[in-house]
Amino acid sequence: MSVEQGSGRPVFVLHEHDKPQHHFDLRLEEDGVLRSWAVPRGLPTSPAKDRLAVPVDDHALDHATYEDETKSIADAGWWELEDRNDRRTVFVLHGRRGARRYALVSTEQGALLHLLKDQPHT
């Protein structure tokens, strides 16, 4: 699955970086840009283990397909917003391995990315 720019659905991309140290960046298309969070340990794989998500500068939409010698696309597809309030955003990523539901929760220290127990049936 490639990034579906122009499909009418907002894209997401998970970039994997090797520099300055190994980490991931989650990018969600919204309002004409890619909203971005550094997720040092990658997306959570268990509802019991949240991951730190540090907001970083927005990127232009063309960055959704960008790769170089230190940055590759670990996953890509489209995303859908399910719920949002001042503290929490619930969304589903539709990527290469199916759909996964997450919550991005604001904290005093930044944000946490949480894999929800209730997952979409695919």
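Is tryptophan 79 buried or exposed, and what is its relative accessibility? In this predicted model, tryptophan 79 has a relative accessibility of 4% and therefore counts as buried, the cut-off being under 20%.

The aromatic contacts offer a good place to start. Two aromatic pairs were found. In one of them, tryptophan 79 meets phenylalanine 91 edge-to-face, with 6.1 Å from centre to centre and 90 degrees between the planes. This pair joins distant parts of the chain, since tryptophan 79 belongs to strand S6 (residues 71-84) and phenylalanine 91 to strand S7 (residues 88-95), twelve residues apart. Phenylalanine 91 is likewise buried, at a relative accessible area of 1%. Through ring pairs, Trp79, Phe91 and Tyr102 are linked into a cluster.

Phenylalanine 91 also leads into the nonpolar interior. The largest nonpolar core comprises 17 residues, and Phe91 is among those with the most contacts inside it, together with Leu26, Leu28, Leu93 and Leu113. Strands S1 (11-17), S2 (23-30), S3 (33-39), S7, S8 (98-107) and S9 (110-115) each give two or more residues to this core. A second, separate core has six residues, including Val11, Val13, Ala64 and Ile73. In soluble globular proteins, nonpolar side chains tend to be buried together.

Leucine 28 helps to tie these descriptions together. Leaving aside residues up to four places away in sequence, leucine 28 touches Val11, Phe12, Val33, Leu34, Arg35, Trp37, Trp79, Phe91 and Leu93. Both rings of the edge-to-face pair, Trp79 and Phe91, thus appear among the contacts of leucine 28.

A ring also takes part in a contact with a charge: the charged end of arginine 9 sits over the ring of tryptophan 78, 4.3 Å from its centre.

Methods: Residues numbered from 1 in each chain as written. Predicted model: local features only at pLDDT ≥ 70, side-chain atom pairs only at ≥ 80, totals over all residues. Heavy atoms only, no water. Phe/Tyr/Trp six-rings, centres within 6.5 Å; stacked < 30°, edge-to-face > 60°. Helix = DSSP H or I, 4+ residues; strand = E, 2+ residues; numbered from the N terminus. Buried < 20%, exposed > 50% of the residue type's maximum accessible area, 1.4 Å probe, protein only. Lys NZ or Arg CZ within 6 Å of the ring centre and 35° of its normal. Core = buried A, V, L, I, M, F, W, Y, C linked by side-chain atoms within 4.5 Å. Contact = heavy atoms within 4.5 Å.
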